[in-house]
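Work through the exercises below with the sequence and the structure side by side, and try each task before reading its solution.

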Amino acid sequence: MTIRGEYDGRGPRRKREGGRAVGPAILAAATLVAVATTFTACALDSGFVSDTSVFTPESQPAFDTPLPIPPLAESEMIDGVRVFSLTADEGRKEFVGGMTTTTWGFNGDYLGPTLRAKRGEKVAVEVTNELAETTTVHWHGMHLPAAMDGGPHQPIAPGGQWRPQWRIDQPAATLWYHPHPHGETEEHVLRGLSGMFILDDDDSGRFGLPVEYGVDDIPLIVQDKKFHSDGEFQLDAQGNEVGLLGNVVLTNGAWGSVLDVTTELVRLRILNGSSARTYDFALEDRRDFSLVATDGGLLEAPVQTGHVRLSPGERAEIVVSMSPGTETMLRSFAPDLGNVAVPSAYGGTDEFDVLLLRAAADLRPAAPLAAEFGDIDRFRAADADNTRTFQVQNREINGRRMEMDRIDEMMQVDSTELWEVTNRDLFPHNWHVHDVQFQVLDIDGQPPPPELLGWKDTIYLEPRRVYRIMMRFEDYTDDENPYMIHCHLLLHEDEGLMSQFVVSTGEPGRNLAPSDPDGGHGH
Ligand SMILES: [Cu+2]
């Protein structure tokens, strides 16, 4: 392999503040102090300049703050529809060092309530925007009509409202919601607009899976942050190729929190809600846990593993077995980012303590997990009605940046697609598809690892590898409103690494297979 060094680590940057680079602190791996996260790409060519205006934790937090549990959103049944209400507004919250931070949140200062609905239910969400700028709310991982998707084509103006409605028709899963305004997603998410959307189905109470929300079934939104010394969020990636990498890792909006475990088994629904950082979650003693679900729902069977890598937007549900009176730290070890040029520049050498799990002296007994959850119908390459190739490079997909008025791809409804996706760069990207959950067929021709054998809507793209994924487009067609395909590193998305596709009835004779090279089908 001779690809190392081809890429110079420089790419498009925005809002670079006077060329400053945040200097790298030395990662004290032995003490796991949460510092040293911002070896930036531009530091490669501009030298290291210490940025004293950034809050730098001098020691680990005590991990004695009870883990905040986002409240379950209330809902009202109106004419057979479960109706939720979300209001985005500004707030203030203390995260670190006794300082107050200006935040955005849904129905509160920071983050939002957990929405929860069951397969078969009709749901609606009355979203109100009390912010001073336009935003959107996207239902990440949800199969729903394009006009309800909450992407950049469904803006909610300041003071405005939006009321999407759809029927939940997919397996139980840990989904989430977040803004998706054109070019502004990273900032809106960093300010705090995110929440979980948990789906249930008839299997949700089975298999010995912990199901008591906030007791043994724990939502865990993990986000890294960087604070200015006045307490405000830093929102500028300052030239880092992947976006903003923080030096403080929050769980459900708290830094250094502890979960008091009262049951022998505890289920963590981990969401990487960060804008750029990829984590490798493990327990501090590296013992195994059970990986039970990924983005789109349960795996076929629990996978015993010692770690799980999550790039931005991905979810994993893990079940951890605890012994009475013990404690263990959920930690993010240095993630293997694949063959990237400068791992340390992209968070590949960073380690963080994330959440302390502290078991009571007496634990409520739990039945063992089922050995199997049930088969997933697997796509085979021969099932594909159509094949597409996607090359991801810099901020482009197949050589093009996102244009709001250009549809890039048209999918025929009731068709199965096979896509070959490759990250051509030597830095991280990932791949998120709206509307569908997909399966990973193979990676460089090899079967995917067990953690990638379930339903996914977001996968990490190790550089220069060919990911073949398959999905089926069903139920909803709309020739006007597109869904999105994009990198979920939010800076990349904002800078154009996004394509638009429609799902169409595809009348006979209409050419659906290749992209229109001139971009556009008459919008
Ligand atoms: Cu990317």
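The exercises that follow concern a predicted model, and each one is solved step by step.

**Exercise 1. Find out how confident the prediction is along the chain, and where its pLDDT is below 50.**

Begin with the whole chain, whose mean pLDDT is 89, with 87% of the residues reaching 70 or more. Next look at residues 1–50, where the pLDDT is below 50, although this stretch has 114 contacts in the model beyond near neighbours in sequence. Then turn to residues 511–523, where the pLDDT is again below 50 and the contacts beyond near neighbours in sequence number 26. Where pLDDT is low, the predicted coordinates should not be read in detail.

**Exercise 2. Describe the make-up of the chain in terms of secondary structure, burial and contacts.**

The secondary structure consists of three helices and 33 strands. Of the 523 residues, 60% count as buried. Finally, take the contacts between residues at least 6 apart in sequence: 78% of these join residues that are at least 24 apart.

**Exercise 3. Work out the strand order of the six-stranded open sheet, and explain which strands stand at its edges.**

Reading across the sheet gives the order β1-β15-β23-β22-β17-β20, with mixed pairing. The edges are β1 (65–66) and β20 (307–310), because each has a single partner strand, which leaves one side of each without a neighbour in the sheet. Within the sheet, β15 (residues 257–263) pairs with β23 (residues 352–364) in the parallel sense over six bridges, and the bridge partner of Ser257 in β23 is Leu355.

**Exercise 4. Identify the protein donors of the copper ion and place the two histidines in the chain.**

The donors are ND1 of His429, SG of Cys487 and ND1 of His492, lying 2.0 Å from the ion. Along the chain they follow the spacing H-x57-C-x4-H. The two histidines link distant parts of the chain, since His429 belongs to strand β28 (residues 429–433) and His492 to helix α3 (residues 490–494), 63 residues apart. Both His429 and His492 are buried.

**Exercise 5. Characterise the aromatic pair of Phe95 and Tyr110, and explain which parts of the chain it ties together.**

The model holds 24 aromatic pairs. In the pair of Phe95 and Tyr110 the centres are 4.9 Å apart and the planes are at 75°, an edge-to-face arrangement. Phe95 lies in the loop between β3 (81–94) and β4 (100–106), and Tyr110 in the loop between β4 and β5 (115–118), so the pair ties together parts 15 residues apart in sequence. Both residues, Phe95 and Tyr110, are buried.

Definitions and conventions:
Residues numbered from 1 in each chain as written. Predicted model: local features only at pLDDT ≥ 70, side-chain atom pairs only at ≥ 80, totals over all residues. Heavy atoms only, no water. Pairing = 2+ DSSP bridges. Helix = DSSP H or I, 4+ residues; strand = E, 2+ residues; numbered from the N terminus. Donors = N, O, S within 2.8 Å, 3.2 Å for Na, K, Ca; no water. Buried < 20%, exposed > 50% of the residue type's maximum accessible area, 1.4 Å probe, protein only. Contact = heavy atoms within 4.5 Å. pLDDT = per-residue confidence, 0-100. Phe/Tyr/Trp six-rings, centres within 6.5 Å; stacked < 30°, edge-to-face > 60°.
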